[in-house]
Amino acid sequence: MVTPARRVALLGGGFSTDEDGLLDDWLLGHVGRPRPKVCFVPTASGDAPAYIDQFLSAFAPRRCEPSVLSLFRRELDDEALRRFLLDQDVVYVGGGNTANLLAVWRAHGLDRVLGEACNRGTLLCGISAGANCWASGSHTDSFGPLTFLQDGLGLLPGSVCPHYDSEPGRRSSYREAVATGRLSAGWAIEDGVGALFADGRLDEAVSRTPDARLYWVQADGADEAVERALPCRLLDE
């Protein structure tokens with residue numbers, strides 16, 4: 001029996017920010033099934049109803065079977081929750097508060113189930129907090145000011161910084177955290193980028209705009225951080 005790769009996708013966009021749907025179509029193209037089951041997990045937003053409606057409106061017309069997992073209005077017991085998630089082809093995590101997301105997931109045992117799903121081949125993905133959560137550490141505004149969080153699920157080695165080009169202070173703050181060792185080396189995602197990892201290694205990077213980039217950021221050993229831009233394939237409309 002062939003062990004499936006542990007796959008994680010980091011999204012700098014998607015249904016909640018982009019009208020063209022390019023990143024979501026790219027994501028679904030990696031599932032390998034005609035009608036994949038796609039579960040949206042909006043925990044980081046507090047299961048915001050408008051966010052859920054936006055997901056369903058975007059994915060219902062696609063060739064997939066969309067669903068939503070609510071933990072603030074939880075209806076499934078532990079075993080039913082596990083069976084439901086392990087039956088999904090894609091777990092798509094929305095943005096919001098990374099620290100709150102991780103705390104709620106752990107309270108409900110979702111961290112363990114998602115690790116099991118990843119080992120079984122489920123594609124895990126998300127935007128903003130939904131990208132941060134998979135890594136060992138992340139750059140976040142969960143506590144107000146931009147800071148670091150060394151408390152991710154660790155399904156993707158290293159750290160993650162979303163909104164690298166679009167939010168003031170992100171770039172300098174993340175570089176400082178990496179340079180000083182508060183965060184390990186990691187991936188900085190500009191808006192418009194999609195990055196797919198298999199077993200912790202970058203498998204593909206794409207962009208929906210010509211200028212969006214994915215960066216690998218690491219300490220240089222002299223209290224500075226250096227970033228290396230990775231080539232991204234431009235998605236066609």
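This passage describes a mixed sheet in a predicted model and the surroundings of one serine in that sheet.

Six strands make up an open sheet, and their order across the sheet is 7-6-8-9-12-13. The pairing between these strands is mixed. Strand 7 (147-149) and strand 13 (225-230) occupy the edges. Each of these two has a single partner strand, so one side of each has no neighbour in the sheet. From one strand to the next, the twist averages 25°. In a regular strand, side chains alternate between the two faces of the sheet.

Strand 12 (residues 214-219) pairs with strand 13 on one side and with strand 9 on the other. The pairing of strand 12 with strand 13 is antiparallel and consists of six bridges. Within this pair, Y215 stands opposite A229, and Q218 stands opposite V226. The two strands form a hairpin with five residues between them. In the turn of this hairpin, G221 has a positive phi of about 85°. Strand 9 and strand 12 are also antiparallel, and four bridges join them. Here the residue opposite W187 is W216, which belongs to strand 12.

Helix 7 (residues 170-179) packs on the sheet. The helix touches strand 6 (135-140), strand 7, strand 8, strand 9 (186-189), strand 12 and strand 13. The direction of helix 7 makes about 40° with that of strand 12.

S159 is part of strand 8, which covers residues 156-161. The relative accessibility of S159 is 0%, and S159 therefore counts as buried, the cut-off being under 20%. Two polar partners of the S159 side chain can be named. One is the side chain of Y174, with which the side chain of S159 makes a polar contact at 2.7 Å. The other is the backbone oxygen of S184, which lies 2.6 Å from a polar atom of the S159 side chain.

When neighbours within four places in sequence are left aside, S159 is in contact with A135, G137, S138, Y174, L183, S184, A185, G186 and W187. Several of these contacts can be placed in the elements described above. A135, G137 and S138 fall within the range of strand 6 (135-140). Y174 falls within helix 7 (residues 170-179), and G186 and W187 fall within strand 9 (186-189). In the sheet order, strand 8 stands between strand 6 and strand 9.

How values were computed
Residues are numbered from 1 along each chain as its sequence is written. This is a predicted model: local features need pLDDT of at least 70, side-chain atom pairs count only at pLDDT 80 or more; totals for chains, interfaces and linings use all residues. Side-chain values use heavy atoms; hydrogens and water are left out. Buried means under 20% relative accessible area, exposed over 50%, partly exposed in between (1.4 Å probe, protein chains only). A polar contact is a pair of N or O atoms within 3.5 Å; within protein, one must be able to donate a hydrogen and the other to accept it, and residues adjacent in sequence count only if both atoms are side-chain atoms. Contact means heavy atoms within 4.5 Å. Two strands pair if DSSP finds at least two bridges between them. Axes are lines fitted to C-alpha atoms, for helices over the stretch in contact, and angles run from 0 to 180 degrees between N-to-C directions.
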